[in-house]
Amino acid sequence: MKSAVFYRKLERCDICPRTCGVNRLKGEKGVCGVSNRPIVSSWGPHFGEERILVGSRGSGTVFFTFCNLKCVYCQNYEISQLGVGREITIERLAEIFVELQNMGVENLNLVTPTHQVPFIVDALERIERKIPVVYNCVDTSPLRRLSNWQDLWTSTCPISSTVIRNLV
């Protein structure tokens, strides 16, 4: 299971380019503000993304709390830097993904996911995914490790909305 690779990285965290080195598995918080469980602000069908992502049924957006980038101009500042959200279990995150899928959304749109990739991969491994995953963040550093998802999109990458194919 791919999630095991990411969980091992949390022992001396280098999930994001900040490589803070804390042991998130033992509850230490990284530079990102997250330790060993997912923190989510909100989720639901979202129609405020690029048209290609929204389609006619909306994008199944999950706003992950905190962010490793710490951008002072972030439009989601309250979520990304002030920590608006709540800690949930991996099981609950998987349920959220299934709930969104069952709502008929076009995709699972993961907003600021980088620092929570181990939890996301774990939750995705637990469900039967029927729709594409959108990696909605400027920091795409973990993408090279997600090569088994050929339908992964990156939304706010500096090179615009691009379908990532044949990830290496």
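Axes here are lines fitted to C-alpha atoms, for helices over the stretch in contact, and the angles between them run from 0 to 180 degrees between N-to-C directions. With that in mind, and remembering that this is a predicted model, begin with the pair of helices to which the definition applies.

Select helix 4 (residues 90–102) together with helix 5 (residues 117–125): their axes come within 8 Å and cross at roughly 65°, and the crossing is right-handed. To see what makes the contact, show the side chains of Ile90, Leu93, Ala94 and Phe97 on helix 4, and then those of Phe119, Ile120, Asp122, Ala123 and Leu124 on helix 5.

Next, move to helix 3, which spans residues 77–80 and includes Tyr77. Is Tyr77 buried, partly exposed or exposed? Tyr77 counts as partly exposed because its relative accessibility is 33%, and the partly exposed class lies between under 20% for buried and over 50% for exposed. Add Leu82 and Val84 to the selection, since these two residues and Tyr77 make a nonpolar surface patch of about 280 Å².

Finally, show the whole chain, coloured by secondary structure, and trace the five helices and seven strands, which follow one another along the sequence in the pattern α-β-α-β-α-β-α-β-α-β-β-β. Among contacts in the chain with a separation of 6 or more, 58% are between residues 24 or more positions apart. With the surface switched on, the accessible area of the chain comes to about 8100 Å², and carbon and sulfur atoms account for 52% of that area, while buried residues make up 50% of the 168 residues.

Notes
Residues numbered from 1 in each chain as written. Predicted model: local features only at pLDDT ≥ 70, side-chain atom pairs only at ≥ 80, totals over all residues. Heavy atoms only, no water. Patch = residues over 30% accessible without salt bridge, like charges linked within 9 Å, V, L, I, M, F, W, Y side chains within 5 Å. Areas by Shrake-Rupley, 256 points an atom, 1.4 Å probe, with all protein chains shown as cover. Salt bridge = Lys/Arg side-chain N within 4 Å of Asp/Glu carboxyl O. Helix = DSSP H or I, 4+ residues; strand = E, 2+ residues; numbered from the N terminus. Buried < 20%, exposed > 50% of the residue type's maximum accessible area, 1.4 Å probe, protein only. Left-handed = near helix turned anticlockwise from the far one by under 90°. Contact = heavy atoms within 4.5 Å.
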